Structures are given as structure tokens and as C-alpha cells.
Amino acid sequence: MAPREISIPPGAHVLRALFLAPPGAGKGTQGPGLAEAYEVPYIATGDMLRAHVVEGTPLGLAAKSIMAEGELVGDELIIEMVLERITKPTRLTGFVLDGFPRTIAQAEAAYSWGQAVGSTFHAVLSLDVPEDELIRRVEERGKDSARADDDIATFKHRLEIYQDETRPLIEYYRERQILIEVDGTGGVDDVAARLRTAVDALDLT
Ligand code: AMP
């Protein structure tokens with residue numbers, strides 16, 4: 001029998017996932033490895049913003065003090081920056097996002113854009129780490145970190161902002177049935193393995 005022709009639509013089987021987790025939970029540690037495993041770009045809005053700050057672009061100038069204080073940069077600026085990254089020069093069919101969306105307004109914008117182009121997220125990976133463990137980790141990181149927002153007072157403020165602005169997204173994505181909760185405690189390799197198991201089980205169509 002002749003082999004059956006199958007046609008795979010462009011972008012099918014390409015992962016579109018995002019991390020949803022408090023600061024210090026391991027998004028930046030786990031994100032690049034997961035993106036590499038699924039051969040998609042890793043896009044971290046915090047890294048992009050820090051690059052803008054270093055380059056002194058208008059966005060960087062606007063974001064610098066907001067970031068240093070642990071506040072959130074305005075939704076419009078962030079949405080524009082992310083859409084630009086995802087759509088230019090050509091539209092990405094897959095990605096692992098870290099740090100976006102962080103507010104309901106950003107999530108709504110991402111959803112309407114995804115619906116318009118037929119590529120909404122497959123999965124939202126929530127890394128669960130208790131608050132005392134988060135604080136312990138950031139104290140560790142603070143010792144050799146150049147990040148202006150890694151001191152404990154600013155970190156605690158970022159945690160509050162997370163609770164107020166970002167945590168509601170857990171329910172938002174649970175309702176959309178794409179939330180995957182992963183235990184973020186333990187060794188880096190253990191967490192990576194849990195993430196891989198969860199993502200391997202997804203239907204990426
Ligand atoms: P991160 O590296 O993800 O912890 O982000 C560092 C800082 O960048 C945050 O504390 C915010 O000030 C800013 N930032 C990153 N992503 C976003 C976002 N999606 N919305 C608003 N601000 C953001």
C-alpha cells in the first residue's frame with residue numbers, strides 16, 4: 001500500500017506555552033531548557049526590558065525606575081513589545097514565554113491576538129513554590145546578582161504585586177482549561193523533569 005499523504009498545517013506541533021509563577025520560582029532557570037527541548041524561542045519580557053534599559057531606548061528609559069521599584073511596566077508598552085517580538089520579521093508559530101502575561105489586561109490582549117491568528121496558548125505552566133522558599137532562593141540569588149530588583153524589600157514588593165495582579169491569571173487559565181500546575185520545589189533537574197512530563201503529554205495541535 002502506498003504511504004498515505006498527510007498534511008500538517010504550518011505551526012502544528014509547535015509548542016506555545018508560558019510560565020506563570022511568582023518571582024523566584026524558577027521561570028528563568030527552567031524556561032530556556034524547556035524552549036530548547038521543544039525547539040522554540042524562549043522569550044522573557046524581563047530580559048527584553050533589561051536589554052532596553054542597557055541600550056537606553058525610549059522603552060528602557062520609561063521602564064527603568066518602574067522595574068527597580070518592583071512595579072509593573074504599563075500594559076500597553078508591554079503588549080506592544082511582545083507582539084513586535086512575536087510577529088516580526090515573521091510570525092512565530094511557537095515559543096516559551098516567561099513573564100508575560102502578568103495582568104488580566106495582558107492576558108486578554110494575548111488571547112484576542114491568538115484567536116485572530118489561530119494560535120492561542122497550548123499550556124500555562126504554573127510553578128508552585130511556597131513563599132518562604134521563594135524568599136530563601138532570592139536571598140541566595142541576591143548575593144551575586146546585579147539585578148536592581150533583587151534586594152529583599154523590593155522582592156517582597158514584587159511578591160505582593162504578583163499576588164494582586166498576576167495570581168488572578170491562575171483562575172483565568174484554569175477556566176480556559178490550559179492551566180498545568182507543576183511542583184516547583186526540589187532540585188533543578190527534578191523540576192525540569194516534571195515540566196517535560198507535563199508538556200510531553202500535551203496535544204500540540
Ligand atoms: P522578571 O525578570 O520577569 O522578574 O521582570 C522584571 C521586571 O520587569 C518586573 O518586575 C516588571 O517591572 C517588568 N516586567 C517584566 N514583564 C512584565 C510584564 N509582562 N508586565 C509588566 N511589567 C513587566
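**Exercise 1. A residue in helix 1**

In which helix does Gln 30 lie? State also whether Gln 30 is buried or exposed, and find what its side chain reaches.

*Solution.* The structure is a predicted model.

Step 1. Locate the residue: Gln 30 belongs to helix 1, which runs over residues 27-37.

Step 2. Classify the residue. Buried means under 20% relative accessible area. Gln 30 has 7%, so it is buried.

Step 3. Look for a partner. The Gln 30 side chain comes to 3.0 Å from the backbone oxygen of Val 188.

**Exercise 2. The ligand and its shell**

Describe the residues around the ligand, starting with those that come nearest, and then list polar contacts.

*Solution.*

Step 1. The ligand has 16 residues around it, and the nearest are Thr 45, Glu 71, Gly 99, Gln 106 and Arg 158.

Step 2. Sort the shell by class: 6 residues are nonpolar, 4 are polar and 6 are charged.

Step 3. Ask which element contributes most. Helix 2 (residues 45-55) gives the largest share of the shell, 4 residues.

Step 4. Go through the atom pairs. Thr 45 places a polar side-chain atom 2.8 Å from a nitrogen atom of the ligand. From Glu 71, a backbone N or O atom lies 2.5 Å from a ligand oxygen atom. From Val 73, a backbone N or O atom lies 3.1 Å from a ligand nitrogen atom.

Step 5. Consider the cover. On its own the ligand has 480 Å² of accessible area, and the protein covers 96% of this.

**Exercise 3. The two sides of helix 2**

Which residues of helix 2 are buried, and which exposed residues are on the face turned away from them?

*Solution.*

Step 1. The buried residues of helix 2 are Thr 45, Gly 46, Met 48 and Leu 49.

Step 2. Around the axis of helix 2 these residues cover an arc of only 160 degrees, so they are on the same side of the helix.

Step 3. On the face turned away from the buried side are the exposed residues Val 54 and Glu 55.

Step 4. Connect this with Exercise 2: Thr 45, a buried residue of helix 2, is also one of the residues that come nearest to the ligand.

**Exercise 4. Length and faces of helix 7**

Check the length of helix 7 (residues 152-166) against the expected span, then assign its faces.

*Solution.*

Step 1. Helix 7 has 15 residues, and at 1.5 Å a residue the expected span is 21 Å. The expected span is 1.5 Å times one less than the number of residues.

Step 2. The end C-alpha atoms of helix 7 are 20 Å apart, which agrees with the expected span.

Step 3. List the buried residues of helix 7: Thr 154, Phe 155, Arg 158, Leu 159, Ile 161, Tyr 162 and Thr 166.

Step 4. Viewed down the helix 7 axis, the buried residues fall within an arc of 165 degrees, and therefore they line one face.

Step 5. The exposed residues Ala 153 and Asp 164 are on the face turned away from the buried side of helix 7.

Step 6. Inspect the start of helix 7. There a side-chain oxygen of Asp 151 comes within 3.3 Å of the backbone nitrogen of Ala 153.

**Exercise 5. Backbone geometry in loops**

Find two cis peptide bonds and two residues other than glycine with positive phi, and place each in its loop.

*Solution.*

Step 1. The Lys 88 to Pro 89 peptide bond is cis, with omega near 0 degrees. Pro 89 is in the loop between helix 4 (75-87) and strand 3 (95-98).

Step 2. The Phe 100 to Pro 101 peptide bond is also cis, with omega near -5 degrees. Pro 101 is in the loop between strand 3 and helix 5 (104-117).

Step 3. Glu 39 has phi near 55 degrees. Its loop is the one between helix 1 and strand 2 (42-44). With a relative accessible area of 74%, Glu 39 is exposed.

Step 4. Gln 177 has phi near 65 degrees. Its loop joins helix 8 and strand 5 (179-183). With 72% relative accessibility, Gln 177 is exposed.

**Exercise 6. Separation in sequence and in space**

For Arg 174 and Leu 61, and for Asp 183 and Ser 126, give the separation along the chain and in space.

*Solution.*

Step 1. Arg 174, in helix 8 (residues 168-175), is partly exposed at 37% relative accessibility. Arg 174 is 113 residues from Leu 61 in sequence, and their C-alpha atoms are 36 Å apart.

Step 2. Asp 183, in strand 5, is partly exposed with a relative accessible area of 36%. Asp 183 and Ser 126 are 57 residues apart along the chain, with 8.4 Å between their C-alpha atoms.

Methods
Residues numbered from 1 in each chain as written. Predicted model: local features only at pLDDT ≥ 70, side-chain atom pairs only at ≥ 80, totals over all residues. Heavy atoms only, no water. Near = heavy atom within 4 Å. Polar contact = N/O pair within 3.5 Å; in protein donor to acceptor, adjacent residues only side chain to side chain. Areas by Shrake-Rupley, 256 points an atom, 1.4 Å probe, with all protein chains shown as cover. Nonpolar A, V, L, I, M, F, W, Y, C, P; charged D, E, K, R; others polar. Buried < 20%, exposed > 50% of the residue type's maximum accessible area, 1.4 Å probe, protein only. Arc of directions from axis to C-beta.
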